[in-house]
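Here's a quick briefing to read with the structure open beside you. Grab a viewer and follow along.

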Amino acid sequence: MWSSDSFDALLFAASRACCSSMAYFIQIQGFCICLLLALGWALASYVRNKEIRRMKESVKRGHHFAFLCHDINELEHSNQVNLPRVSVVMPLKGFGEHNLHNWRSQITSLYGGPLEFIFVVESTEDPAYHAVSRLLKEYKDDVEAIVVVAGLSTTCSQKIHNQLVGVNKMQKDTKYVLFLDDDVSLHPGSIGALTTEMEKNPDIFIQTGYPLDLPSGSLGSYCIYEYHMPCSMGFATGGKTFFLWGGCMMMHADDFRTDRHGLVSGLRYGGYSDDMTLAAIAKANERLITSPPVAVFPHPLASDLSFGRYWNYLRKQTFVLESYTTKFNWLMNRALFSFHCYASWGFVAPYIMAGVHVAAALRLYFKGYSFGEATLPCTGLRFVGGLATCTVIELLSMWNLTRVEVQLCNLLSPEAPPLSLASYNWCLVFIAMVVDNFLYPVSAIRSHLSQSINWSGIRYHLKDGKVHKIERSKDKGPKFTDLGGKHLYGKKGGSNNYSFLLSLSRSFAQWWQPKKYDV
């Protein structure tokens with residue numbers, strides 16, 4: 001057993017070590033990461049806020065339908081009858097607490113042109129099949145919609161398979177196809193806004209958007225919110241972007257009919273991630289991806305989202321970097337892998353050092369020592385103060401972007417219950433920032449070594465960046481999806497108590513035998 005004096009000596013030595021030249025570099029680097037994040041969120045807030053001001057000014061001028069379009073003349077019948085046909089393809093998997101609300105927001109779009117909805121499920125045993133079928137019966141006289149059974153995928157992920165089957169079912173006169181995830185809520189004018197931009201600029205290859213996470217209160221939900229927030233900068237450009245989110249992608253239908261750039265074959269044969277594959281194709285062919293400022297969508301997270309489900313979600317996100325279509329794509333993924341891992345632990349390390357400095361200072365205080373007696377430099381506490389200042393600036397910037405996006409969503413959906421910042425717990429947001437950035441490299445390394453992932457009850461194995469083996473089993477793996485908490489199978493199971501620690505311990509113990517366990 002260590003004595004109290006031995007522990008104090010070790011703690012003071014650690015505090016002095018955290019004041020070395022290398023430690024100074026690590027801590028200053030952490031300050032820069034915090035401030036760069038704050039700057040990025042501030043710029044994103046500016047873009048979103050500019051759209052809010054435009055909408056409010058339009059309302060003052062008497063344009064009370066500014067949430068639908070910029071120019072009120074676009075609502076004239078002569079313009080509406082000339083709008084192109086849009087086919088909305090939604091691959092479904094499971095059924096959860098927010099699905100009905102999300103589906104209603106999607107099929108009740110106020111787009112004035114021809115519009116069809118294609119819901120695609122794996123089989124009739126999927127709970128989503130019966131739920132969406134009942135919903136469409138309610139709107140059968142108002143909405144052009146079908147439910148398609150796609151069958152099992154064999155050469156790509158089930159989501160991509162469902163998407164491609166849905167594309168094959170769209171009408172011959174469809175000009176644009178919009179892929180939507182079923183776990184986001186759409187605004188009444190979203191489809192119209194995306195279509196307008198496509199019509200203005202035919203050079204656009206893909207239009208995309210991004211979700212605004214609505215945490216449910218658990219630490220896991222805040223970790224997902226924190227994970228998405230840095231990515232939101234890349235989508236708040238008001239125009240050209242290099243990022244792509246698979247939950248909202250509008251494309252030219254003819255690109256699929258003609259397999260332009262080999263996008264259909266690239267997705268069908270070995271594709272795991274729809275957005276990463278399409279983003280790589282866009283980059284390789286120098287095609288344009290844009291994200292309009294109004295393309296931000298409320299994304300309610302499951303009320304019972306556990307930390308284990310967050311870990312599963314993080315595993316899926318890092319596993320995406322293991323899939324690739326070309327050598328250039330592989331190099332880009334490796335660069336992103338390295339940068340994200342370095343930046344994540346570069347963000348966390350100063351907080352660990354700050355914890356050492358604070359613990360040492362508290363021991364000094366309670367022991368009645370002075371800094372001179374303990375030969376402990378006070379520089380460490382100055383760094384703690386600097387880190388605290390940078391953290392407050394970062395959190396304020398994150399809060400401001402979230403506030404702006406909440407306000408924008410409320411303006412874009414005036415008929416919906418207003419969103420609010422009141423439910424956000426910013427202490428949990430800070431904890432989630434540290435936890436998520438600490439776990440990201442762990443998850444990324446695990447994904448790199450395993451080359452295998454369980455996604456909604458289906459285990460995919462990669463070889464040379466492509467799906468080469470698919471395993472299905474209802475008896476193994478999760479009964480619920482990670483974010484929406486959707487039931488994956490017909491019979492509803494009990495609550496998901498799958499242990500995060502058990503999952504993590506198995507991950508470390510079975511680096512080379514992932515098929516024995518389902519994360």
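Is R48 buried or exposed? R48 is buried, at a relative accessible area of just 1%. Keep in mind that this is a predicted model. The points below go through salt bridges, helices, aromatic rings, a surface patch and a couple of loop residues.

**Salt bridges**

- The count comes to 15 salt bridges.
- One of them joins the side chains of R48 and E405, with an N to O distance of 3.4 Å.
- That pair links distant parts of the chain: R48 belongs to helix α2, E405 to helix α14 (residues 379-412), and their positions lie 357 residues apart in sequence.
- E405 is buried too, with a relative accessible area of 2%; the cut-off for buried is under 20%.
- E138 and R104 also meet through their side chains in a salt bridge, again at 3.4 Å from N to O.
- Since E138 sits in helix α5 (residues 127-138) and R104 in helix α4 (residues 99-107), this pair ties together parts that are 34 residues apart in sequence.
- E138 counts as exposed, at 52% relative accessibility, while R104 counts as partly exposed at 30%.
- E471 and K469 form a salt bridge at 3.3 Å, N to O.
- Both ends of that bridge have some exposure: E471 is partly exposed at 26% relative accessibility, and K469 is partly exposed at 38%.
- R85, E144 and D173 are joined into one network by salt bridges that share partners.

**Helices α2 and α8**

- α2 has 40 residues, which at 1.5 Å a residue should span 58 Å; the end C-alpha atoms are 58 Å apart, so the two values agree. If you redo that sum, the expected span uses one less than the number of residues.
- G62 follows α2, and its phi is positive, near 100°.
- α8 passes the length check as well: its 14 residues should span 20 Å at 1.5 Å a residue, and its end C-alpha atoms are 20 Å apart.
- Why is α8 described as largely enclosed by the rest of the structure? Eleven of its 14 residues are buried, so that description follows.
- The buried residues in α8 include G220, Y222, I224, Y227 and M229.

**Aromatic rings**

- The structure holds 22 aromatic pairs.
- In one of them, Y225 and W426 have ring centres 6.4 Å apart and planes at 75°, so the pair is edge-to-face; the cut-off for that label is over 60 degrees.
- This pair also links distant parts of the chain, with Y225 in helix α8 (residues 219-232) and W426 in helix α15 (residues 426-450), 201 residues apart.
- Y225 is buried at 0% relative accessibility, whereas W426 is partly exposed, with a relative accessible area of 22%.
- F235 and F243 make a tilted pair, because their planes are at 45°, with ring centres 5.9 Å apart.
- F235 is buried, at a relative accessible area of 3%, but F243 is partly exposed at 43%.
- Those two rings belong to a cluster of Y210, F235, F243 and W245, linked by ring pairs.

**Charges over rings**

- K327 lies over the face of W330, at 4.3 Å from the ring centre.
- The charged end of R334 sits over the ring of F337, 4.9 Å from its centre.

**Nonpolar surface patch**

- Which residues form a nonpolar patch on the surface? They are V358, L362, Y365 and F366, and together they have about 480 Å² of accessible area.
- L362 lies in helix α13 (residues 327-367) and is partly exposed, with a relative accessible area of 44%.

**Two loop residues**

- C19 is placed in the loop between α1 (4-17) and α2 (21-60), and it is buried, with a relative accessible area of 10%.
- The C-alpha atoms of C19 and H357 are separated by 9.3 Å, although these residues are 338 residues apart along the chain.
- M170 is found in the loop between α6 (158-168) and β4 (174-180), and M170 counts as buried at 10% relative accessibility.
- From C-alpha to C-alpha, M170 and V86 are 9.0 Å apart in space, against 84 residues apart in sequence.

How values were computed:
Residues numbered from 1 in each chain as written. Predicted model: local features only at pLDDT ≥ 70, side-chain atom pairs only at ≥ 80, totals over all residues. Heavy atoms only, no water. Helix = DSSP H or I, 4+ residues; strand = E, 2+ residues; numbered from the N terminus. Buried < 20%, exposed > 50% of the residue type's maximum accessible area, 1.4 Å probe, protein only. Phe/Tyr/Trp six-rings, centres within 6.5 Å; stacked < 30°, edge-to-face > 60°. Lys NZ or Arg CZ within 6 Å of the ring centre and 35° of its normal. Patch = residues over 30% accessible without salt bridge, like charges linked within 9 Å, V, L, I, M, F, W, Y side chains within 5 Å. Areas by Shrake-Rupley, 256 points an atom, 1.4 Å probe, with all protein chains shown as cover. Salt bridge = Lys/Arg side-chain N within 4 Å of Asp/Glu carboxyl O.
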